[in-house]
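Student: I am new to this structure and would like to go through it step by step. Could we begin with the whole and then turn to single residues?

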Amino acid sequence: MQHPSVDERKAKGKAARKRTPRTTHATFDHERRGRNPLGLLQQQARSRVKELVPIRYGRMLVSPFTFYRGAALVMADDLATTQDSGLRTQVCGDAHLLNFGLFASAERQLVFDINDFDETLPGPWEWDVKRLAASMEIAARDNSFSKKQREEIVANTARAYRESIQQMAQMTNLEVWYQQLDVDKALASFRKQFDKQITERADKVAAKARTRDNVKAFDKLTKIVDGRPQIISDPPLIVPVEELLSQAAFERAHQRLGEILDTYRKSLASDRRHLFDQYQMIQVARKVVGV
C-alpha cells in the first residue's frame, strides 16, 4: 500500500477544512428534539451488571466532573449530530483529563500517556480533542478557576495538540511510533516555568507513580491460603469468579478464559512468549474500577 506524500496529505487537510470550516465546530444544539441524556444512561445500564449500576450512579453523582467521566455515551450522542472534517481515525472514545497519567513503559521508564481504551472505535478525530478540551473546562470549574483561567487552559490544551500534530506530520512513521514523553526530561524542561510548590507536587506525583507496580498490587489484592495466592474477596468491588457463578458455569468460564489467554500467547513474539510462559492463571475476579 502506497502512503500519500506530505503534499497530498496537506491537500487533503485543506480540502477537509474548506468542507468543514473551524467555525462550524462552535455550533451545538443542546435543545435538539429527542435529546435525552438520562435515557441514554438508563439504556446503557441494561447491558451492565445490575447490582453494580447503583455504585456507578453514586460515583457519577459526586461532582459534575465525575458525571462527565461516566457519560461518554452522552457526549458521543451529542457529537454525532455535529459536523466533522470527514477524517477518520481509531479514536480513544473517552479522552478526558483523568485518562491521562504516568505509567511505566515496557522498558520500565516513566512516561506520560493516555490510558483506558475500552470505548475505542473508528470515528472523527475531532471527538477525542473535544472530549479532552471539555474535560479541562469542567475540571477547572470544579477547582474554582476563573473564567479567564479556564479559557486559557482550554486554549492551551488545543494549541499543544495542534503543535504536536504539526511536529509529528514532519516525522516518519517509525519516528512517530517511538515518540514518547519522558517524564524526567519534561519535568526538567518545565521546572523554570512553575513555582516551587507546583514542582514539588509534580515530583511527589512522579515518585508515587514509580512505586505503583505489579508487586504492590499483588500484595494489596491477594493473600496466601495453604501456600497459594488467593484474591481477597471484597464484594461488590472485588469478587472472585467462583463466588459469582455455579460450579459448572465457573468451570466453563475458566476454560474459556484459558483459551483466550492461549490465543493471546500465540500472538506474541517469541521472546515475549518465553516470558509469558513463566506465569500461569490461578484465579480470576471481577473488579469494579472508575465510575
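Student: Before the details, how many helices and strands does the protein have?

Tutor: Please keep in mind that this is a predicted model. The chain has 291 residues, of which 25% count as buried, and its C-alpha atoms fill a box of roughly 65 × 50 × 50 Å along the principal axes. Within that box, the secondary structure consists of 13 helices and nine strands.

Student: What share of the contacts with a separation of 6 or more comes from residues 24 or more positions apart?

Tutor: This question takes the contacts in the protein with a separation of 6 or more and asks how many of them join residues 24 or more positions apart. For the protein, that share is 67%.

Student: And how much of the exposed area do carbon and sulfur atoms supply?

Tutor: The starting point is the area that the protein exposes, which comes to about 21300 Å². Of this area, the part supplied by carbon and sulfur atoms is 56%.

Student: Which element gives the largest share of the lining of the second largest pocket?

Tutor: This pocket holds about 720 Å³ of space. It is lined by 26 residues, and those closest to its centre are Phe-103, Ala-104, Arg-108, Arg-212 and Asp-213. Two or more lining residues come from each of β2 (100-104), α10 (196-211) and α13 (270-276). The largest share, five residues, belongs to β2.

Student: By class, how many charged residues are in that lining?

Tutor: The lining of the second largest pocket can be sorted into nonpolar, polar and charged residues. There are 13 nonpolar and five polar residues, and the number of charged ones is eight.

Student: Turning to the aromatic rings, is the pair of Phe-65 and Tyr-68 stacked, tilted or edge-to-face?

Tutor: The protein has four aromatic pairs by the rule used here, and in this one the ring centres lie 6.4 Å apart with 40° between the planes. Both residues sit in helix α4 (residues 64-70), and because they are three residues apart there, about one helical turn separates them. Phe-65 is buried at 7% relative accessible area, and Tyr-68 is buried too, at 10%. An angle of 40° is neither under 30 degrees nor over 60, so the pair is tilted.

Student: Why is the pair of Trp-125 and Tyr-161 called stacked?

Tutor: Trp-125 lies in the loop between β4 (121-124) and α6 (126-142), while Tyr-161 lies in helix α7, so that the pair links parts of the chain 36 residues apart. Trp-125 counts as partly exposed at 29% relative accessibility, and Tyr-161 is also partly exposed, at 32%. The ring centres are 6.2 Å apart, and the pair is stacked because its planes stand at 0°.

Student: Is Thr-157 buried or exposed, and which residues is it in contact with beyond its neighbours in sequence?

Tutor: Thr-157 belongs to helix α7 (residues 147-168). Its relative accessible area is 16%, and since buried means under 20%, Thr-157 is buried. Leaving aside neighbours within four places in sequence, the contacts of Thr-157 are Leu-132 and Met-136.

Student: Where is Ser-144 found, and what is its phi?

Tutor: Ser-144 is found in the loop between α6 and α7, and at 67% relative accessibility it counts as exposed. Although Ser-144 is not a glycine, its phi is positive, at about 60°.

Student: What about the phi of Asp-226?

Tutor: Asp-226 has its place in the loop between β6 (222-225) and β7, and it is exposed, with a relative accessible area of 79%. Asp-226 is not a glycine either, yet its phi is positive, at about 55°.

Student: Is the peptide bond from Pro-235 to Pro-236 cis or trans?

Tutor: Pro-236 is found in the loop between β7 (228-231) and β8 (238-240). The bond from Pro-235 to Pro-236 has an omega near 0°, and its form is cis.

Student: Finally, what distance separates the C-alpha atoms of Lys-14 and Met-168?

Tutor: Lys-14 is part of helix α1 (residues 6-19), and with a relative accessible area of 64% it is exposed. Along the chain, Lys-14 and Met-168 are 154 residues apart, and their C-alpha atoms are separated by 17 Å.

Note on methods:
Residues numbered from 1 in each chain as written. Predicted model: local features only at pLDDT ≥ 70, side-chain atom pairs only at ≥ 80, totals over all residues. Heavy atoms only, no water. 1 Å grid on protein atoms, 1.4 Å probe; cavity = no way out; pocket = protein on both sides within 12 Å on 5 of 7 lines; lining within 4 Å. Points joined across faces, edges and corners; volume = space filled by probe spheres on them. Helix = DSSP H or I, 4+ residues; strand = E, 2+ residues; numbered from the N terminus. Nonpolar A, V, L, I, M, F, W, Y, C, P; charged D, E, K, R; others polar. Buried < 20%, exposed > 50% of the residue type's maximum accessible area, 1.4 Å probe, protein only. Contact = heavy atoms within 4.5 Å. Areas by Shrake-Rupley, 256 points an atom, 1.4 Å probe, with all protein chains shown as cover. Phe/Tyr/Trp six-rings, centres within 6.5 Å; stacked < 30°, edge-to-face > 60°.
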